[in-house]
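Please read the following as a guided walk through one model, taken helix by helix and ending at the surface.

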Amino acid sequence: MFCFRGENMKNLYGKVVLVTGASSGLGLAVANYLYQKGFNVYAGARSFKAESIERNSEGGILHKINLDVTDQTSVGSVLKHITEQENTLDVLVNCAAYLVLGSVEETSFDEYNLVLNTNLYGALRMIKGVLPDMRQHKCGLIVNFSSINGLLGIPYQSAYVASKFAIEGMSECLSLELKNFGV
């Protein structure tokens, strides 16, 4: 495993990265960028039904894999698959997100649950899945994508805003908890 503190991006090329929510938006952009830069990227999304693999001249490898961050079985299966194929996971990038628009009054509990289960609990499932190995090896990198909505409220986006505020707080706590573990 490779420790990231004080390293520049050049030294990270070829490392194994898992990006969640990689079918569109920021997840897709991050996965493609890292792939183009020579990383070994596992791009996870519910919409990817069968694993496909692409390679580029920079040494990058892009594995599109089925991953549903709301399903613990899916999370465990993907992490097991990556470990079996690569023996390690160096970087986790949590981009999976779901947005429901509506006022607080009109947004149902089911809609809040859907957003929180994807945006917050999905990230937590992924983190809890990778942390034991990263902590044991005293290195790794976890990136949790948030939003400006994690810093200020936007009308008619209360469920999404709540999930992003929670990601901000959880990430701050996680950073403090892991600072002595090289993660």
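A residue is called buried when its relative accessible area is under 20%, and exposed when that value is over 50%. The model shown here is a predicted one, and the walk begins with helix H1, which covers residues 25-36.

By the definition just given, the buried residues of H1 are Gly27, Val30, Ala31, Leu34 and Tyr35. Seen down the axis of H1, these buried residues fall within an arc of 125°, and therefore they line one face of the helix. That buried set packs against five named strands, which are S1 (16-20), S2 (40-45), S3 (52-55), S4 (61-66) and S5 (91-94), while on the other side of H1 the residues Gly25 and Leu26 are exposed. With its 12 residues, H1 reaches 17 Å from its first C-alpha to its last, close to the 16 Å expected at 1.5 Å a residue. After the helix comes Gly38, whose phi is positive, near 100°.

Helix H3, residues 109-119, can be read in the same manner, and its buried residues are Tyr112, Val115, Leu116, Thr118 and Asn119. Viewed down the axis of H3, they fall within an arc of 165°, so they line one face of the helix. Helix H4 (121-137) and helix H5 (158-178) are included in what covers these buried residues, whereas the face of H3 turned away from its buried side carries the exposed residues Phe109 and Asp110.

The last stop is the surface, where Ile148, Leu151 and Leu152 make a nonpolar patch of about 290 Å². Of this patch, Ile148 is found in the loop between strand S6 (141-144) and H5.

Conventions. Residues are numbered from 1 along each chain as its sequence is written. This is a predicted model: local features need pLDDT of at least 70, side-chain atom pairs count only at pLDDT 80 or more; totals for chains, interfaces and linings use all residues. Side-chain values use heavy atoms; hydrogens and water are left out. Buried means under 20% relative accessible area, exposed over 50%, partly exposed in between (1.4 Å probe, protein chains only). Helices (H or I, at least four residues) and strands (E, at least two) are DSSP runs, numbered from the N terminus. The arc is that of the directions from the helix axis to the C-beta atoms. Contact means heavy atoms within 4.5 Å. Patches are made of residues with over 30% relative accessible area and no salt bridge: like charges are joined within 9 Å, nonpolar side chains (Val, Leu, Ile, Met, Phe, Trp, Tyr) within 5 Å. Accessible areas come from the Shrake-Rupley method with a 1.4 Å probe; for residues, only the protein chains shown count as cover. A salt bridge is a side-chain nitrogen of Lys or Arg within 4 Å of a carboxyl oxygen of Asp or Glu. The expected span of a helix is 1.5 Å times one less than its number of residues.
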